[in-house]
Amino acid sequence: MKGVILAGGTGTRLHPLTRITNKHLLPLYDRPMVTYAVEALVAAGLTELMLVTGGTHAGEFFRLLGNGHDYGIDRLLYAYQEEAGGIADALGLAERFVDRDKVCVMLADNVFEDSLEPIAANFASQAKGARVVLTEVDEDEHLRHLGVAALEGSRVTGIVEKPESPPSRFAVTGVYFYDDQVWDMLPTLTPSARGELEITDVNNWYVDRGEMEADVVTGFWGDAGESIDAYYEVNDFVRRMRG
Ligand code: DAU
């Protein structure tokens, strides 16, 4: 299975910090944000990775990660997203790298306490389809800023992006697993109201086929790009864990 880390976008919710650098290069305690996603995928057993980024600071990722060997990566490729066209648009740049392999996609602003290794193993033995990582979130206001999944057992029956009335407490985190059907599906997407190709539309394509499974993590999860408060909450968690 290959790994794809998405570190493009404009990071507007962290302006003005992200006017002078890429969001995923901002510090989380003692290291740039993107290194937590790298570490999470390597710890899950993925050693062939592609990093997708964009904007004016793309070269800094190369300086930080180099060929990836210091991070335990065997093969690290880079792709440049010309415009912030959405998460699914960024994923499309990884098609030739992933080829017909399975893929684990991780948003570079996500931080997990739990290891993703057992979840990657679940997907490795899943015959076909896709898998998402969920986490329980208590506050409706928080759920309104995320994708939220409805479930029947471990099967996902629908995902609503940033719902006014959340259909459950299960938020969709920024880790997604896909089989090779994703490459035939991506070109059929059309931009959402905010002008982006949405990862939730990709996920619901699998949901509609009854091919979307889920795992729920119980340890800390944070999206450090969600707001400046979320950024500091994730910083506090990482500092407690590593300090
Ligand atoms: O973090 C979890 C949430 O991530 C999910 O609950 C949502 O369902 C999912 O849509 C996503 O929501 P966000 O509003 O947080 O997505 P955002 O636009 O902040 O993009 C998240 C990451 O994706 C960003 O840190 C880098 C990458 N990205 C984003 C865009 C728009 C790209 O690489 N290129 C892009 O064009």
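This is a chat about strands, ligand contacts, salt bridges and a surface patch in a predicted model.

User: Let's start with the sheet. How many residues of β6 are buried?

Analyst: Five of the five residues in β6, which spans residues 103-107, are buried, so the strand is mostly covered by the under 20% relative accessible area cut-off.

User: And which residues sit on each side of β6?

Analyst: Val103, Val105 and Leu107 are on one side, with Cys104 and Met106 on the other. Both faces are covered.

User: In what sense do β1 and β6 pair?

Analyst: They're parallel, with five bridges between β6 and β1, the strand at residues 2-7. As one example of who faces whom, Ile5 stands opposite Met106.

User: How many bridges join β6 to β11?

Analyst: Four, and those two strands run antiparallel. Cys104 has Phe177 of β11 as its bridge partner, while Val103 is matched with Tyr178.

User: Ok, stay on β11. Is it mostly covered or mostly open?

Analyst: Mostly covered: eight of the nine residues in β11 are buried.

User: Which bridges does β11 make with β8 and β9?

Analyst: β8, residues 130-136, is joined to β11 by six bridges and runs antiparallel to it. In that pairing, Val132 stands opposite Tyr176. β9, residues 147-152, is also antiparallel to β11, with three bridges. There, Gly147 has Val172 as its bridge partner.

User: Switching to the ligand. Which residues come nearest?

Analyst: Arg13, His24, Gln81, Glu161 and Val172 come nearest, out of 28 residues around the ligand. Val172 is also the β11 residue that bridges to Gly147.

User: What are the polar distances for Val172, Glu161 and Gly9?

Analyst: For Val172, a polar backbone atom is 2.5 Å from an oxygen atom of the ligand. With Glu161, the side chain puts an N or O atom 2.7 Å from a ligand oxygen. Gly9 has a polar backbone atom 3.4 Å from a nitrogen atom of the ligand.

User: How much of the ligand does the protein bury?

Analyst: The protein buries 97% of the 700 Å² that the ligand exposes when taken alone.

User: New topic, charges. How many salt bridges does the structure hold?

Analyst: There are 15 salt bridges in the structure. One of them joins the side chains of Lys23 and Asp109, at 3.0 Å from N to O.

User: Why does the Lys23 and Asp109 pair tie together parts that are apart in sequence?

Analyst: Because Lys23 lies in the loop between β1 and β2 while Asp109 lies in the loop between β6 and β7, the pair connects parts that are 86 residues apart in sequence. Lys23 and Asp109 are both buried.

User: What about Lys128 and Glu211?

Analyst: Their side chains meet in a salt bridge too, at 3.2 Å from N to O. Lys128 is in the loop between α5 and β8, and Glu211 is in the loop between α8 and β12, so this pair ties together parts 83 residues apart in sequence.

User: Are Lys128 and Glu211 buried or exposed?

Analyst: Lys128 is partly exposed, with a relative accessible area of 47%. Glu211 is buried, at 13%.

User: And Arg169, what does it form a salt bridge with?

Analyst: Arg169 forms a salt bridge with Asp140, and the closest N and O atoms are 2.6 Å apart. That pair links distant parts of the chain: Arg169 is in the loop between β10 and β11, and Asp140 is in helix α6, 29 residues apart. Arg169 is partly exposed at 32% relative accessible area, and Asp140 counts as partly exposed at 34%.

User: Which residues are linked in a network of salt bridges?

Analyst: Glu141, Arg144 and Glu164 are linked that way.

User: Last one, the surface. Which residues make the nonpolar patch?

Analyst: Leu17, Ile228 and Tyr232 make a nonpolar surface patch of about 260 Å². Leu17 sits in the loop between β1 and β2, and is partly exposed, with a relative accessible area of 34%. That value is over the 30% cut-off for patch residues, so Leu17 meets the accessibility condition.

Notes: Residues numbered from 1 in each chain as written. Predicted model: local features only at pLDDT ≥ 70, side-chain atom pairs only at ≥ 80, totals over all residues. Heavy atoms only, no water. Buried < 20%, exposed > 50% of the residue type's maximum accessible area, 1.4 Å probe, protein only. Pairing = 2+ DSSP bridges. Patch = residues over 30% accessible without salt bridge, like charges linked within 9 Å, V, L, I, M, F, W, Y side chains within 5 Å. Areas by Shrake-Rupley, 256 points an atom, 1.4 Å probe, with all protein chains shown as cover. Salt bridge = Lys/Arg side-chain N within 4 Å of Asp/Glu carboxyl O. Near = heavy atom within 4 Å. Polar contact = N/O pair within 3.5 Å; in protein donor to acceptor, adjacent residues only side chain to side chain.
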